[in-house]
Amino acid sequence: MNSNEEYNIQDKIDSYLNNTMSDQEQLLFKREMDINPDLKEDVLLQKSVSETVFNHNLSHIEEVSKVETLENIKQTLKTEPYQNHIKTIENAASVYKKRKQKKQFLYFGSIAAAILIFVSVIFFPKQQSLETLYTDYSNWDELTSYVEQNEIQNTFSKGESLYNEKKYRESIAFFKNYTTNPSDKLYSAGLLYLGASYFKIAQYDNAIETYNSLIASDSYDSSRGHWYKLLIYLKLKDKDKINTTVHTILKDPNNYKYSTVLEIQNAL
Amino acid sequence: MKQNKKYLEALVNNNSSIVVEIYTKFYPKIVSFVLNNKGRKEDAQDVFQDALVYLIYIYKENATEIKSFEAYLFTICKNIWRRQLKNKKEHIVKDGVYSIKDKITQTSVFILEQQREDLYTKCFAKLSENCRNVLSLYFNTMNYEDLLNTFSYNSADVARHRVFKCRKRLMQLIKQDKQYQIIK
């Protein structure tokens, strides 16, 4: 096949995947796929890659080849060894739950004692200082590790190591690379680490700006931006901004650290 | 024995006490992630269980090497939850109601999709940096003009040629991987 033919086929695949073919063209292309399994395989692979790596929604195209592969996985999961694995996991979940309930029981028992202490000090209320709140709640060392099994993440781990080794200026230079393209899978992770690195070297304005970018992104982690901004304002003892940020976080119970921020609001 | 291996072996060998340890150590983080992302505790339970089944599956069937148990488990849980949210949204849009497939089918669909994602991401990472940037930008915008401006290509034809080459290379890398034949 020469290059021109290859280009033409690719154009057709693009039109088909992007749903820009006329009904007639689509019908002809489907027929072409029916008699040419290699073409069909290419189309399905490109659809799958577009959806998986680039988050495109191509659900208008039916995926026939999946059925057989899926059936193989289903049959494997139905075998005795896998059913035993699933049972072990379910049992572990139930043991874990029971242990947690027991802990909670002890915890609530101790609440009775705590109430007594509370009553004894209620006539002498003392507002927690912003510094104490910051010390109690700051969690800069609990950033999630994004190191996984493939090469992209291995590269990212170099930045995590720089951060953990407190080489913040180097980690800033490193994480900036991940914060230029919002469609990058590690975009929000990059912003989280970049903001924390700025904070560690007291570049608070840069840290705030970084977290604003995180908030503006449509990532799952976006609401974490508000939390880290709150920590910075607590550190800076900026009462107005603390109140505004607390108010913003408490607008939506789905926001990161919602219940912790409720505690902070009560303590303020 | 390294922690990663310890947890994977425990899952594969049904070692109850270590599987409980996995719950104690990692489950609270997943609960908080799901609760922070429009989910409930029951959702977190399903997500965590599916993620553990996935780890067993790829460890047993594909002998996949996992460098960090914690980070990979967290990513898998995030992916499961992302897909569930997306499916809910699509089903609501399409049917007005969310139809629930049987559990084993749901888990199988996830296993297949995650295996594909792992393979594609691995192959994508093998491309040159320029190819990765070109493809990311092209698939983001579906527009050769943006490539012209960003990469200073002389014409849309040159940009088109570059996208074609990079995409072809990515497809080749995927097809050459032995895993592809199993999950295609």
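This note goes through a predicted model of two chains, A and B, point by point.

1. **Overall build of chain B.** Chain B has nine helices and zero strands. Read from start to end, the pattern is α-α-α-α-α-α-α-α-α. Of its 184 residues, 52% count as buried. Sequence-distant contacts carry much of the fold: among contacts with a separation of 6 or more, 59% join residues 24 or more positions apart. The accessible surface of chain B is about 8,800 Å². Carbon and sulfur atoms account for 50% of that surface.

2. **How the chains meet.** Start with the contact between A and B. On the A side, 65 residues take part, and on the B side, 75. The size of an interface is often given as the accessible area lost when the parts come together. Here the two chains bury about 6,300 Å² between them. Of that buried area, 59% is on carbon and sulfur atoms.

3. **Polar links across the interface.** Four salt bridges run between chain A and chain B. One of them pairs Arg167(B) with Asp14(A), with the closest N and O atoms 3.0 Å apart. Polar contacts between the chains come to 13 residue pairs, counting pairs with both residues at pLDDT 80 or more.

4. **What chain A brings to the contact.** Five helices of chain A each give two or more residues to the side that touches chain B: H1 (3-17), H3 (37-54), H4 (66-78), H5 (80-121) and H7 (151-164). H5(A) supplies the largest share, 16 residues. By type, this side of chain A divides into 21 nonpolar, 26 polar and 18 charged residues.

5. **The start of chain B.** Helix H1 of chain B covers residues 3-12. Which of its residues are buried? They are Asn4(B), Tyr7(B), Leu8(B), Ala10(B), Leu11(B) and Val12(B). An α-helix has 3.6 residues a turn, so residues three or four places apart point the same way. Just after H1(B), Asn14(B) takes a positive phi of about 55°.

6. **A salt bridge from H1(B) to H2(B).** Over all chains, the count is 17 salt bridges. One within chain B joins the side chains of Lys6(B) and Glu21(B), at 3.1 Å from N to O. Lys6(B) is in helix H1 of chain B, and Glu21(B) is in helix H2 (residues 16-35), 15 residues apart. How exposed is each partner? Lys6(B) is partly exposed, with a relative accessible area of 22%. Glu21(B) is partly exposed too, at 29%.

7. **A short-range pair in chain B.** Arg40(B) forms a salt bridge with Glu42(B). Their closest N and O atoms are 3.7 Å apart. Glu42(B) is partly exposed, with a relative accessible area of 44%.

8. **A charged network in chain B.** Arg82(B) and Glu117(B) form a salt bridge, with the closest N and O atoms 3.3 Å apart. Arg82(B) lies in helix H4 (residues 69-95) and Glu117(B) in helix H5 (residues 103-126), so the pair ties together parts 35 residues apart in sequence. Is each partner buried or partly exposed? Arg82(B) counts as partly exposed, at 24% relative accessibility. Glu117(B) is buried, with a relative accessible area of 6%. Salt bridges with shared partners join Arg82(B), Arg83(B), Glu113(B) and Glu117(B) into one network.

9. **Backbone points to check in chain A.** Most residues other than glycine have a negative phi, and most peptide bonds are trans. Ala202(A) is not a glycine, yet its phi is positive, at about 65°. Ala202(A) sits in the loop between helix H9 (187-200) and helix H10 (204-216) of chain A. Its relative accessible area is 44%, so Ala202(A) counts as partly exposed.

10. **A second positive phi in chain A.** Lys257(A) also has a positive phi, near 65°. This residue is in the loop between helix H12 (239-249) and helix H13 (258-267) of chain A. At 23% relative accessibility, Lys257(A) counts as partly exposed.

Notes:
Residues are numbered from 1 along each chain as its sequence is written. Chains are lettered from A and ligands numbered from 1 in the order in which they are written. This is a predicted model: local features need pLDDT of at least 70, side-chain atom pairs count only at pLDDT 80 or more; totals for chains, interfaces and linings use all residues. Side-chain values use heavy atoms; hydrogens and water are left out. Contact means heavy atoms within 4.5 Å. Buried area is the accessible area (1.4 Å probe) that two parts lose on being put together, summed over both. A polar contact is a pair of N or O atoms within 3.5 Å; within protein, one must be able to donate a hydrogen and the other to accept it, and residues adjacent in sequence count only if both atoms are side-chain atoms. Helices (H or I, at least four residues) and strands (E, at least two) are DSSP runs, numbered from the N terminus. Ala, Val, Leu, Ile, Met, Phe, Trp, Tyr, Cys and Pro count as nonpolar, Asp, Glu, Lys and Arg as charged, and the others, Gly among them, as polar. Buried means under 20% relative accessible area, exposed over 50%, partly exposed in between (1.4 Å probe, protein chains only). Accessible areas come from the Shrake-Rupley method with a 1.4 Å probe; for residues, only the protein chains shown count as cover.
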